[in-house]
Every structure is written in C-alpha cells, then in structure tokens.
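Subject: Structure for you to look at, with notes

Dear colleague,

I am passing on the structure below, and I would be grateful if you could keep it open while you read the notes that follow it.

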Amino acid sequence: DGATVLTGAEVTAVERKDDLFHLHTKKGEFTARYLINAAGANCAAVNDLALGEPFTVTYRKGEYYIADKQQPGKEQIKTVVYPCPNEMGKGILVVPTTAGNLLYGPTAENISNYETEVSRQGLSAVRAATSSLIDGLKFNGTIRVFAGVRVLSGHYFIVKEDDRVPGLFTFGGICSPGL
C-alpha cells in the first residue's frame, strides 16, 4: 500500500488498537500498521510511548572544523587520515570532502543532554590531534566549526522488531553514519 515519511512531526502519544498504531504528533494524527522508530536522539522516548522494550541512550558530542577549499597544504591529503582508535571511537580524523574542503574531527565527549555547542576545549583538542597526524596543518582557512551528536545504546545498534510490540521496528543507538 506504500508508506509515508513525515519529518518534523514530534510524536506525543502512541496508542495500539485493532492491530494499528494511532500516532498523535504535532502535525496531526496518523494511523499505521507498522511503526518504524528511527527518531535518533529521541528513539528511547518513542519506544516508551509505544510501550516497546525500554532502553537508555547516551549522547556523544563530536566537534569539527571545516577548512576553506584554498587551505594551504590540503594537496598533501588525498585520503582519510586516521589515528589509532580508542574506547571512544575511531578518533579525530582529517578528511578530504567531495566538495574540495578538509574536515577535521570529531572529538568524542559523552554528554548528559543533547546539545551542539562548540567549546574552546573541544576545538583545541581537534587542533592538537590533527597536528599530530599531519605536520604543518594550518587552521587559518577555517570557514566553519560545528558539533554533532551521536546516540549510543550500550555497545550495539538496535535494529529489530520489538519483542513486546508486533509491528514496532526500532532503529536506535546508531552512533555511526555507516548504517
């Protein structure tokens, strides 16, 4: 019968009646046979609303620099430069983008609330780590700094149909952009 993807419609309540999900959102009410919970940072809350298996999430903030396309020394970087990974992830990288810029980052800081503010401490950590990867790396061509948040749930991604609620599929705690 098809599917509808609706963005920006925060789910405020979920009811289950007659094998259907009745979703109450800030953009109206909807009915569905299946509910795919891919709510990112809010995935645990949506699972709770649907009376699915409970789980908790941890937020991990990563801070980045983006360098201008004219960044001095960028021609020496032809591929992603990785450090040795650690318990927090793959580490702070230097990445040539498809647009011709360089991307430096991310840091990995566990935080209690979802927030994307950059910090002097985080940006300093990016500078120190990337400078140890590549000699002479410059930051005078920075055009943007930003932070993103990854959502973790234990050591594993949650990609499954819920054991408690048939038709509820949860995609949660996916901290890697690779999935």
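I begin with Asn110, which, if neighbours within four places in sequence are left aside, is in contact with Thr58, Tyr59, Arg60 and Met88. Please bear in mind throughout that this is a predicted model, and that what I describe is computed from it.

Asn110 and Arg60

Asn110 belongs to strand β8, which covers residues 109-111, and with a relative accessibility of 41% it counts as partly exposed, because that value falls between the limits of 20% for buried and 50% for exposed. The C-alpha atoms of Asn110 and Tyr59 are separated by 5.8 Å, although the two residues are 51 residues apart along the chain. The side chain of Asn110 is also joined to the side chain of Arg60 by a polar contact of 2.8 Å.

Arg60, on the other side of that polar contact, is found in strand β5, residues 58-67. Is Arg60 buried or exposed? Its relative accessibility is 10%, so it counts as buried, the limit being under 20%. Not counting residues up to four places away in sequence, Arg60 touches Met88, Ala108, Glu109, Asn110, Gly148, Val149, Arg150 and Leu152. Met88 therefore appears in the contact lists of both Asn110 and Arg60.

Ser153

Ser153 is placed in the loop between β9 (142-152) and β10 (158-161). Although it is a loop residue, Ser153 is buried, with a relative accessible area of 11%. What does the side chain of Ser153 reach at 3.1 Å? It is the backbone oxygen of Thr56, and Thr56 is also one of the residues in contact with Ser153 once the neighbours within four places in sequence are left aside, the others being Phe55, Ile158 and Gly173.

The sheet of β1, β2 and β3

Three strands form an open sheet in the order β1-β2-β3, with antiparallel pairing. Within this sheet, β1 and β3 stand at the edges and have a single partner strand each, so one side of each is left without a neighbour in the sheet. Neighbouring strands here are turned against each other by 20 degrees on average, if direction is ignored.

Taking the pairs in turn, strand β1 (residues 11-17) is joined to strand β2 (residues 20-25) by six bridges. Along this pairing, Val11 has Thr25 in β2 as its bridge partner, Glu15 stands opposite His22 in β2, and Lys17 has Leu20 in β2 as its bridge partner. The two strands form a hairpin with two residues between them, and Asp18 in the turn has a positive phi of about 50 degrees, a backbone value that you may wish to look at in the model.

Strand β2 is in turn joined to strand β3 (residues 28-32) by five bridges, again in an antiparallel arrangement. The bridge partner of His24 in β3 is Glu29, and β2 and β3 likewise form a hairpin with two residues between them.

Helix α2

Helix α2, residues 120-133, has 14 residues and reaches 20 Å from its first C-alpha to its last, which is close to the 20 Å expected at 1.5 Å a residue. Which residues of α2 are buried? They are Gly122, Leu123, Val126 and Thr130, and, seen down the axis of α2, the buried residues fall within an arc of 95 degrees, so they line one face of the helix. The buried residues of α2 pack against β5, β6 (93-96), β7 (102-105) and β9; β5 is the strand in which Arg60 lies. The face of α2 that is turned away from the buried side carries Arg120, Gln121, Ala128 and Ser132, which are exposed.

With best wishes

Key:
Residues numbered from 1 in each chain as written. Predicted model: local features only at pLDDT ≥ 70, side-chain atom pairs only at ≥ 80, totals over all residues. Heavy atoms only, no water. Helix = DSSP H or I, 4+ residues; strand = E, 2+ residues; numbered from the N terminus. Buried < 20%, exposed > 50% of the residue type's maximum accessible area, 1.4 Å probe, protein only. Contact = heavy atoms within 4.5 Å. Pairing = 2+ DSSP bridges. Axes fitted to C-alpha atoms, helices over the stretch in contact; angles between N-to-C directions. Polar contact = N/O pair within 3.5 Å; in protein donor to acceptor, adjacent residues only side chain to side chain. Expected span 1.5 Å × (residues − 1). Arc of directions from axis to C-beta.
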